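User: Could you take a close look at one helix in this model and at the way its neighbours pack against it? I would also like to see how the surrounding chain is held to its partner.

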Amino acid sequence: MSDNQTPAPALLNPRSARSGKNNYELYSWLFMRISGIILVFLVLGHLFIMNILDGGVQRINFGFVAGRWASPFWQVWDLLQLWLAMLHGGNGLRTIINDYAENDRTRSFLKYLLLVTVVFIVLLGTLVIFTFDPNIS
Amino acid sequence: MRKSKTAVVNTQSPATDSDLSIPQSFTVTVSVRRFNPDVDQETYLQDFEVEMYATDRVLDALHKIKWEQDGSLSFRRSCGHGICGSDAMRINGLNRLACKTLMKDLDVTKPIIIEAIKGLPLEKDLIVDMEPFFAAYREVLPFLMPSGAEPERERIQSQEDRARFDDSTKCILCAACTTSCPVFWTDNQYFGPQAIVGAHRFIFDSRDSGAASRLEVLNSKEGVWRCRTTFNCTDACPRGIQITQAIAEVKQALIRGKI
């Protein structure tokens, strides 16, 4: 210790050690921006088609959905919308849990629950889009 | 007392022009959030009535309370002119320097609520423990890290290169920005706007070559990516630093460096 320097006092709530070089948060941040921009077009387009165009929501029934999913274009549109919305929303909730969950066990439990939910909905939705049978009885 | 003498002088001087009005004093209620760790379990608001002029600062009101009404009131101040950064506090819910907030800019018909800045450990009345804030600043290596042999004269820099980081040199480490940040409030782990501004000042300095080390610190879990661009910091800065923009520039530097 040099003569005229006092050591910095210990902190009550020290920052946890940085875990090596890791660009996870960078990519996560970038993903939110890019998926957000794409979702603006996908979701607004979806809402316009479903609720406003040709009679809007009144015409939606089993046949309408079956007709749309016969085309690979709408399959890709809906798949992209599902994946991006789930990952965008899931990642947003992850940051909120990181912010507001006060103890580590609550935090990891909530994030685990979130992960399970996102994976379940994404897989179920993907399965339905690809295995949809218009002739189901 | 000095203020009322001034008023007396003004009354005696002949007012040749009727438009030259004599400054009028008024009574304002100052509601201070008090806390004495030796006695109190919780903080509480205590009202004080002080006579003020429109040109007085909130700091003058605190001085009047401390010197004339309650000597136990504790707050930090040093220069009193917006440069030392000692007297950041929450005035009517907004982080401001008490020495740069004038009575004329506040609604004096209602009590002025004065509280300690939020998110740092409260020590007494308006005094918080600034150490976590300074620790975050130290982590971004806020000093010049030149490379190569030491030059025989000054390190020359063009005016354009100097202008690149001019805004972030204005920081006075008052903590108004960091303690206005809702992300910092959550768990105090986020480095906070001030540390990022402090890093920005050197990252964009053409004479410095430590940018990679600073960017690595700010690329961590508690670094710039926790910023949600709520602009609270920019609104709070008594030096008018465009903090959110500085944070965005650091994000850009990281993205350009990694991709």
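Analyst: What follows looks at one helix and its packing, and then turns to the salt bridges and the interface. The model is predicted, and every value below is computed from it.

The helix chosen is α6 of chain B, residues 192-203, which packs against helix α9 of chain B, residues 243-258, at an angle of about 60°, the axes lying 9 Å apart. Because angles under 35 degrees count as roughly parallel and those from 65 to 115 as roughly perpendicular, α6(B) and α9(B) are therefore oblique to each other. Their crossing is left-handed. On the side of α6(B), the contact is made by B:P193, B:I196, B:V197, B:H200 and B:I203, while α9(B) brings B:I243, B:A246, B:I247, B:E249 and B:V250. Sorted by class, this contact of α6(B) with α9(B) has eight nonpolar residues, one polar residue and one charged residue.

A second neighbour of α6(B) is helix α3 of chain B, residues 131-139, whose axis comes within 8 Å of that of α6(B) and crosses it at roughly 30°. The angle therefore makes α3(B) roughly parallel to α6(B). The crossing of α3(B) and α6(B) is right-handed, whereas that of α6(B) and α9(B) is left-handed. Here α3(B) contributes B:F133, B:A136 and B:Y137, and α6(B) answers with B:Q194, B:A195 and B:G198. By class, the contact of α3(B) with α6(B) has four nonpolar and two polar residues, and no charged ones.

Beyond the helices, a salt bridge joins the side chains of B:D125 and B:R34, at 3.0 Å from N to O. This pair links distant parts of the chain, 91 residues apart, since B:D125 sits in the loop between β6 (122-124) and β7 (127-128) of chain B, and B:R34 belongs to strand β1 (residues 26-34) of chain B. Over all chains, a search of the whole structure finds 22 salt bridges.

As for the partner, 28 residues of chain B are in contact with 22 residues of chain A. The area buried between the two chains is about 2,300 Å², of which carbon and sulfur atoms give 54%. Within the area that chain B buries against chain A, B:T186, B:Q189 and B:W225 supply 23%, more than any other three residues. The count of salt bridges between chain B and chain A is two. B:R226 forms a salt bridge with A:D99, in which the closest N and O atoms are 2.4 Å apart.

Note on methods:
Residues are numbered from 1 along each chain as its sequence is written. Chains are lettered from A and ligands numbered from 1 in the order in which they are written. This is a predicted model: local features need pLDDT of at least 70, side-chain atom pairs count only at pLDDT 80 or more; totals for chains, interfaces and linings use all residues. Side-chain values use heavy atoms; hydrogens and water are left out. Axes are lines fitted to C-alpha atoms, for helices over the stretch in contact, and angles run from 0 to 180 degrees between N-to-C directions. Helices (H or I, at least four residues) and strands (E, at least two) are DSSP runs, numbered from the N terminus. Angles under 35 degrees count as roughly parallel, over 145 as roughly antiparallel, 65 to 115 as roughly perpendicular and the rest as oblique. A crossing is left-handed if the near helix is turned anticlockwise from the far one by less than a right angle, and right-handed if clockwise. Contact means heavy atoms within 4.5 Å. Ala, Val, Leu, Ile, Met, Phe, Trp, Tyr, Cys and Pro count as nonpolar, Asp, Glu, Lys and Arg as charged, and the others, Gly among them, as polar. Buried area is the accessible area (1.4 Å probe) that two parts lose on being put together, summed over both. A salt bridge is a side-chain nitrogen of Lys or Arg within 4 Å of a carboxyl oxygen of Asp or Glu.
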